[in-house]
Structure formats: C-alpha cells, structure tokens
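Colleague: I would like to learn how to read a model of a protein with a bound ligand. Could we take it feature by feature, with the general idea before the case?

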Amino acid sequence: MSFAGKHAIVTGAGSGIGAALCRALDLAGAHVVCTDIDRSAAEATASSLSPRARAATLDVTDAGAVQAAVDDVVGRAGRLDLMFNNAGIVWGGETELLTLDQWNAIIDINLRGVVHGVVAAYPQMLRQGDGHIINTASMAGLAAGGQLTSYVATKHAVVGLSMALRSEAVPRGVGVLVVCPAAVETPILDKGAVGSFGGRDYFLKTQGGKAYDADQLARDILRAIERNKAILVKPTVAHAQWLFARLAPVMMNRLSMRFTSPQAKRSPSRAVDSG
Ligand SMILES: NC(=O)c1ccc[n+]([C@@H]2O[C@H](COP(=O)([O-])OP(=O)(O)OC[C@H]3O[C@@H](n4cnc5c(N)ncnc54)[C@H](O)[C@@H]3O)[C@@H](O)[C@H]2O)c1
C-alpha cells in the first residue's frame, strides 16, 4: 500500500503520537487532517507539514463533530482512506481517589471517542470497499497494571472492539489495526497523576526503563497498516510482557502488586492473594 494521495484523519494530533503520525503520513505523501480538541496544538502540527496538511478542532467526545469531520473529508476528496482514533488521556493512582467525573471523562475520550470514529468512518469505508481504521490502545489494553484501573478498562475495551470489528471488516475490504505500545516518550507520561502515582517513573519502571520514540512508533504503524496487521506491540521487548500476561495472568497480577501497593512492598506475602 502506498500512502501517497491517501486521505487521513488523525485525532489527538496536537501532541505526542498523533503529531508523529501526522509527520509520518505527510512524509509518505498523504493528505492529513490534524485534529485535536486543542486548536492551537492542531495548528502547530499542521503548520510544520506540507501544504497538503490542514488543522481542525475536534473533540472526540462529540459524536456529531466526529461525523462532520469525516463528512467534510468525504465532501472534499470523495473518500476517506485512513481514520486514526488516537486521542486519549490517562489517570494513574489509587482507584478509590478517582471521581466519577474522572471515570466518565476517560471513558468518553478513550472509549467513546474510538466508537465515534468507527461509527463515522466505517460505513463510508464499506461503501468505498476499502479503507483502514487504526485505534491507539496501549500495552494497558493487553496487561492489567495496577494504579491504572480506569485506563486499563478503556484500553482493554479498545482492543476488544478493534479485534471484533476486524473480523467483520477485513473480509469486506476494510483493515483494522490496534496499536498497543508500552511507554512512548510523549507529554502524557507527565499527565493525569492522582494520589501517590509515580507518573513517568512508574511507566518507565514497569515498562523496561526507557520510553519508545514517537516518530519511530509512527513509522512502525504505517508499516503495520501496509502489512494489514491486527495488533502492533512496541517496543519488541514488550512482547514478553504481552506473552506473560496471556499465559500467566495471575502471576502477572501478583507482580503488578509489587509495583503498586505500598502494603505489598512492606509485606508481599500478606498482601498477595493465593489466586
Ligand atoms: N505515550 C505513551 O506512553 C502511550 C502508550 C500507550 C498508548 N498511548 C496512547 O496514545 C494515544 C496518544 O497519546 P500521547 O502519548 O500522544 O499523549 P499526548 O498527551 O501527548 O497527546 C494526546 C492528545 O490528545 C488530545 N486530546 C485529549 N482529549 C481530547 C479530546 N476529547 N478530543 C480530541 N483530542 C483530545 C490532547 O489535546 C493531546 O494533544 C492515547 O490514546 C494514549 O492513551 C500512549
């Protein structure tokens, strides 16, 4: 697959992975709409790219606005080739400290935001007979790390949604890729800390000590689209964590307690269940 001349929408394009995706797509010759709830951030991304790129304000929690963004591209170009449902937030910390408003916000952005992208783009791609939907989940969609309960819940849902959709979509000409990176070097690592959460230190400690490069991830994602892969896990060392979570989920859970529970750090044998 060549990306030259393809029409793409990227959500959460004002920062981090979304901005890197826009750079990679632009370099590959695609027409990319860089969207973000933060208008000036979306504009900053688009203005660093070729004149093919443009910026748009888009809050992914607004289903009508996501539909309008897709309709706008289809109105101008006659088609939409690539829909990147990438916008996301994180809350890290003790689950009892999360308010219902925080729960609703993360569900609205991380899960409903993806649903809105699928509802808007998938029927159009079916009409075209081709296209690709790319959902940014996380390693937290494959392994359930503590102190990330709300994030893990939304990202597991995005993995399930993507795999189920893929089984229907691929036979009808539409690709679906779910992206599951471990820590990537973006501003999100320093956001969303609640209570005693260690933020960046926690992510790096639990995920190999080093954050992956966002531009490298974007290039990996384009290659995975070309190969019509189902799941992209990066960096490669994260495959071990993925395998461990699948083969020994209870052991994985015990290990997670060592990172998250102060009680477990003091007395692991008392805090860990026998499951
Ligand atoms: N960086 C990591 O370590 C990492 C790892 C795994 C998965 N992810 C996922 O990658 C995606 C991108 O995250 P990032 O690391 O680039 O974070 P980031 O904070 O750098 O960028 C997220 C962008 O999403 C935008 N956004 C937030 N709410 C929005 C909304 N309602 N509508 C539209 N845009 C909104 C923000 O303005 C921001 O520009 C997220 O889904 C995140 O969960 C990140």
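Modeller: Let us begin with the polar contact, which is a pair of N or O atoms within 3.5 Å; within protein, one must be able to donate a hydrogen and the other to accept it, and residues adjacent in sequence count only if both atoms are side-chain atoms. Here a backbone N or O atom of Val-184 lies 2.7 Å from an oxygen atom of the ligand, while a polar side-chain atom of Asp-59 is 2.9 Å from a ligand nitrogen atom, and a backbone N or O atom of Ile-37 is 3.4 Å from a nitrogen atom of the ligand. Please bear in mind that this is a predicted model, in which local features need pLDDT of at least 70 and side-chain atom pairs count only at pLDDT 80 or more, whereas totals for chains, interfaces and linings use all residues. Residues are numbered from 1 along each chain as its sequence is written, and side-chain values use heavy atoms, with hydrogens and water left out.

Colleague: How much of the ligand's accessible area does the protein cover?

Modeller: Accessible areas come from the Shrake-Rupley method with a 1.4 Å probe, and for residues only the protein chains shown count as cover. On its own the ligand has 820 Å² of accessible area, of which the protein covers 94%.

Colleague: Which elements give two or more residues to the shell around the ligand?

Modeller: Helices (H or I, at least four residues) and strands (E, at least two) are DSSP runs, numbered from the N terminus. The elements in question are helix H1 (16-27) and H5.

Colleague: Why does the length of helix H5 agree with what one should expect?

Modeller: The expected span of a helix is 1.5 Å times one less than its number of residues. Because helix H5 (residues 149-169) has 21 residues, it should span 30 Å, and its end C-alpha atoms are indeed 30 Å apart.

Colleague: Is Thr-154 buried or exposed?

Modeller: Buried means under 20% relative accessible area, exposed over 50%, and partly exposed in between (1.4 Å probe, protein chains only). Thr-154, which lies in helix H5, counts as buried because its relative accessibility is 2%. Its side chain makes a polar contact with the side chain of Asn-110 at 3.3 Å.

Colleague: What covers the buried residues of H5?

Modeller: Contact means heavy atoms within 4.5 Å. The cover includes helix H4 (100-128), strand E5 (131-136) and strand E6 (174-181), and the buried residues of H5 include Tyr-151, Val-158 and Leu-165.
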